Amino acid sequence: MTIKLYHASIKCKVRKNFKLDLLFESGEQMNPLDDTVCVESIKRIMKIFGGKWSFLIIGELHSGVKHFNELSRNLGISTKSLSDALKVLEMNEIIKRTVHPTTPITVDYSLTDKGRDFERVFIEMREWGKKWL
């Protein structure tokens with residue numbers, strides 16, 4: 001049994017014994033070192049985006065800059081959970097935090113170029129959902 005995962009022009013195949021094969025669309029086998037690169041890349045990505053709220057926060061910010069309270073209200077998320085998720089995304093340069101010296105202090109969040117580039121992933125997820133859900 002083979003499970004095929006496609007990304008761009010690379011196909012990841014996980015065989016029954018959990019060995020990962022990477023093939024180009026042409027069917028040409030990739031270097032075994034690339035197996036490790038694929039898995040390690042996925043692990044690093046999941047450390048950034050694997051949190052319960054990450055996708056929803058990014059999705060919310062795609063429509064524009066949002067205040068902390070606006071994100072909390074729109075997502076129905078506790079302030080602690082939101083704060084924790086925002087810190088991870090900010091630390092990984094997915095979002096930008098801007099503090100305004102107003103009374104009271106207001107904080108905006110927006111996507112960086114790196115965060116906006118993630119929109120392609122959302123589009124692919126939507127297409128997959130249309131096909132399979």
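Author: A quick definition before we start: contact means heavy atoms within 4.5 Å. Also keep in mind that this is a predicted model.

Reader: OK, which residues is F118 in contact with, leaving aside its neighbours within four places in sequence?

Author: F118 sits in the loop between α5 and α6 (119-132). At 11% relative accessibility it counts as buried, because the cut-off for buried is under 20%. Once its neighbours within four places in sequence are set aside, its contacts are F49, F55 and I58.

Reader: And how far is F118 from H62 in space, C-alpha to C-alpha?

Author: Along the sequence, F118 and H62 are 56 residues apart. In space, their C-alpha to C-alpha distance is 9.7 Å.

Reader: Let's step back. What average pLDDT does the protein chain have?

Author: Of the residues, 74% score at least 70, and the chain as a whole averages a pLDDT of 80. One stretch has a pLDDT below 50, though it still has 43 contacts in the model beyond near neighbours in sequence: residues 1-21. So, with pLDDT being the predictor's confidence from 0 to 100, the average you asked for is 80.

Reader: In what order do the helices and strands come?

Author: The chain has six helices and six strands to put in order. Starting from the N terminus, they run β-β-β-α-α-β-α-α-β-β-α-α.

Reader: How much of the protein chain is buried?

Author: Start with the outside: the accessible surface comes to about 9,500 Å², and carbon and sulfur atoms hold 59% of that. The chain has 133 residues, and the buried share of them is 29%.

Reader: What share of the contacts with a separation of 6 or more comes from residues 24 or more positions apart?

Author: Take the contacts in the protein chain with a separation of 6 or more as the whole. Residues 24 or more positions apart then account for 32%.

Reader: How many aromatic pairs are there, and what kind is the one between F68 and Y109?

Author: The structure holds six aromatic pairs. In the pair of F68 and Y109, the centres are 6.4 Å apart and the planes are at 50°. Planes under 30 degrees apart count as stacked and over 60 as edge-to-face, so this pair lands in the remaining class, tilted.

Reader: Which parts of the chain does the pair of F68 and Y109 tie together?

Author: Both partners are buried, F68 with a relative accessible area of 18% and Y109 with 6%. They are 41 residues apart in sequence, so the pair ties together helix α3 (residues 68-75) and strand β6 (residues 106-111).

Reader: What about F118 and F122: what kind of aromatic pair do they form?

Author: F122 counts as partly exposed, at 22% relative accessibility. These two rings belong to a cluster that ring pairs make from F49, F55, F118 and F122. With 5.6 Å centre to centre and 90° between the planes, the pair of F118 and F122 is edge-to-face.

Reader: Now the helices. Which residues make the contact between α3 and α4?

Author: α3 packs against helix α4 (residues 79-91) at an angle of about 115°, with the axes 10 Å apart. The crossing is right-handed. On the α3 side the contact is made by F68, L71 and S72, and on the α4 side by T79, L82, S83 and L86.

Reader: At what angle do α2 and α3 cross?

Author: L56, I57, E60 and L61 in α2 meet L71, N74 and L75 in α3. α2 passes α3 in a right-handed crossing. The axes of helix α2 (residues 54-61) and α3 come within 11 Å, and they cross at roughly 120°.

Reader: Is E93 buried or exposed?

Author: E93 is in the loop between α4 and β5. Its phi is near 60°, a positive value in a residue other than glycine. With a relative accessibility of 52%, above the cut-off of 50%, E93 counts as exposed.

Reader: Which residues does K114 touch, not counting those up to four places away in sequence?

Author: K114 lies in helix α5 (residues 113-117) and is partly exposed at 45% relative accessibility. The C-alpha atoms of K114 and N92 are separated by 9.3 Å, with these positions 22 residues apart along the chain. With residues up to four places away left out, K114 touches N92, E93 and I94.

Reader: Last one: which two residues does the cis peptide bond join?

Author: One partner is found in the loop between β5 (95-100) and β6. Omega is about -5° for this bond, and the residues joined are T103 and P104.

Technical notes: Residues numbered from 1 in each chain as written. Predicted model: local features only at pLDDT ≥ 70, side-chain atom pairs only at ≥ 80, totals over all residues. Heavy atoms only, no water. Phe/Tyr/Trp six-rings, centres within 6.5 Å; stacked < 30°, edge-to-face > 60°. Helix = DSSP H or I, 4+ residues; strand = E, 2+ residues; numbered from the N terminus. Buried < 20%, exposed > 50% of the residue type's maximum accessible area, 1.4 Å probe, protein only. Areas by Shrake-Rupley, 256 points an atom, 1.4 Å probe, with all protein chains shown as cover. Axes fitted to C-alpha atoms, helices over the stretch in contact; angles between N-to-C directions. Left-handed = near helix turned anticlockwise from the far one by under 90°.
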